[in-house]
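Here is a set of questions and answers on a protein chain. Take each question to the structure first, then read on.

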Amino acid sequence: MRQFRGTMVNPGGSSQPPAVGAGSLSWKRCAGCGGKIADRFLLYTMDTYWHSRCLKCSCCQAQLGEIGTSCYTKSGMILCRNDYIRLFGNSGACSACGQSIPASELVMRAQGNVYHLKCFTCSTCRNRLVPGDRFHYINGSLFCEHDRPTALINGHLSSLQTNPLLPDQKVC
């Protein structure tokens, strides 16, 4: 996914559009229609200028300058946020429950795995881990600081050593 921030630009710097005959004015061409942009405001995104009426979502045709300051592009399409998520939105599957995670949902990550917020819990007590909590990630399981396996506390790693043991971590 590539996200671009659009910018509204006032090419003349005044409250009125620049005069057509101004010798020092370099007219901007719209990437959508190819016409000169003489509007008071124009949009700038993806290294090109646009009439505000020409920068539209490829799916729903919403004028992107009117619905926000972001647009998305993928597979040659310019999209609003809703259509991008509808077409391409999926953050992957939750490592705990296996269900897909919509791209618009906040997630927790540990050791390259992604989790729903509600699924980022201690394997023993099932308490949710939140930012600031210390946890241990052992053999694909999460443990809060209080429920880390006894073998870890005593330094006996033989029963846990299928994957390298990582030191305790902190949820950010």
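Q: Which helix holds Tyr84 in this predicted model?
A: The model is predicted. Tyr84 is one of the buried residues of a helix, alongside Asp83 and Ile85. That helix spans residues 81-88. Tyr84 lies in helix H2.

Q: Is Tyr84 buried or exposed?
A: A residue counts as buried under 20% relative accessible area. Tyr84 has a relative accessible area of 6%, so the residue is buried.

Q: Which strands are included in the cover over the buried residues of H2?
A: The buried residues of H2 are Asp83, Tyr84 and Ile85. Their cover includes strand S7 (70-74) and strand S8 (77-79).

Q: What distance separates the C-alpha atoms of Tyr84 and Cys71?
A: Tyr84 sits in H2. Cys71 is 13 residues away along the chain. Their C-alpha atoms are separated by 8.9 Å.

Q: How many bridges join S11 to S12?
A: S11 covers residues 107-110 and S12 covers residues 113-116. The two strands run antiparallel. One bridge pairs Met108 with Tyr115. The number of bridges joining the strands is four.

Q: Which residue in the hairpin of S11 and S12 takes a positive phi?
A: Most residues other than glycine have a negative phi. This hairpin has two residues between its strands. A phi near 50° belongs to Gln111.

Q: Where is Asn139, a residue with positive phi that is not a glycine?
A: The phi of Asn139 is about 50°. Asn139 is partly exposed, with a relative accessible area of 31%. Its place is the loop between strand S13 (134-138) and strand S14 (141-144).

Q: What is the phi of Gln61?
A: Gln61 is found in the loop between S6 and H1. At 46% relative accessibility, Gln61 counts as partly exposed. Gln61 is not a glycine, yet its phi is positive, at about 65°.

Q: Which residues does His116 touch beyond four places away in sequence?
A: His116 lies in strand S12. His116 is buried, with a relative accessible area of 7%. The residues touched are Cys94, Cys97, Gln99, Ser100, Ile101 and Glu105.

Q: Which residue forms a salt bridge with Asp39?
A: Side chains of opposite charge can pair when their charged atoms come close. The structure holds one salt bridge. Its closest N and O atoms are 3.3 Å apart. The partner of Asp39 is Arg53.

Q: How many residues apart in sequence are the parts that the pair of Asp39 and Arg53 ties together?
A: Asp39 lies in the loop between strand S4 (36-37) and strand S5 (42-45). Arg53 lies in the loop between strand S6 (48-50) and helix H1 (64-67). Asp39 is partly exposed at 24%, and Arg53 is partly exposed at 42%. The pair therefore ties together parts whose separation in sequence is 14 residues.

Q: How many disulfides does a search of the whole structure find?
A: A disulfide needs cysteine sulfur atoms within 2.5 Å. The sulfur of Cys54 is 3.7 Å from the closest cysteine sulfur, in Cys30, which is too far for a bond. The sulfur of Cys122 is 3.7 Å from its closest cysteine sulfur, in Cys125, again too far. The number of disulfides found is zero.

Q: Is Cys122 buried or exposed?
A: The cut-off for buried is under 20% relative accessible area. Cys122 has 0% relative accessibility, so the residue counts as buried.

Q: Which strands each supply at least two residues of the largest nonpolar core?
A: The largest nonpolar core has 14 residues. Those with the most contacts inside it are Ala110, Tyr115, Phe120, Leu129, Phe135, Tyr137 and Leu142. The strands that each supply at least two residues are S11, S12, S13 and S14.

Q: How many residues are in the other core, the one with Trp50 and Leu64?
A: This core lies apart from the largest nonpolar core. Cys71 and Cys80 are also among its residues. The core has 12 residues.

Q: What share of the residues of the protein chain counts as buried?
A: The chain has three helices and 15 strands. Its accessible surface comes to about 10500 Å², with 49% belonging to carbon and sulfur atoms. Of its 172 residues, the buried share is 27%.

Methods
Residues numbered from 1 in each chain as written. Predicted model: local features only at pLDDT ≥ 70, side-chain atom pairs only at ≥ 80, totals over all residues. Heavy atoms only, no water. Pairing = 2+ DSSP bridges. Salt bridge = Lys/Arg side-chain N within 4 Å of Asp/Glu carboxyl O. Buried < 20%, exposed > 50% of the residue type's maximum accessible area, 1.4 Å probe, protein only. Contact = heavy atoms within 4.5 Å. Areas by Shrake-Rupley, 256 points an atom, 1.4 Å probe, with all protein chains shown as cover. Core = buried A, V, L, I, M, F, W, Y, C linked by side-chain atoms within 4.5 Å.
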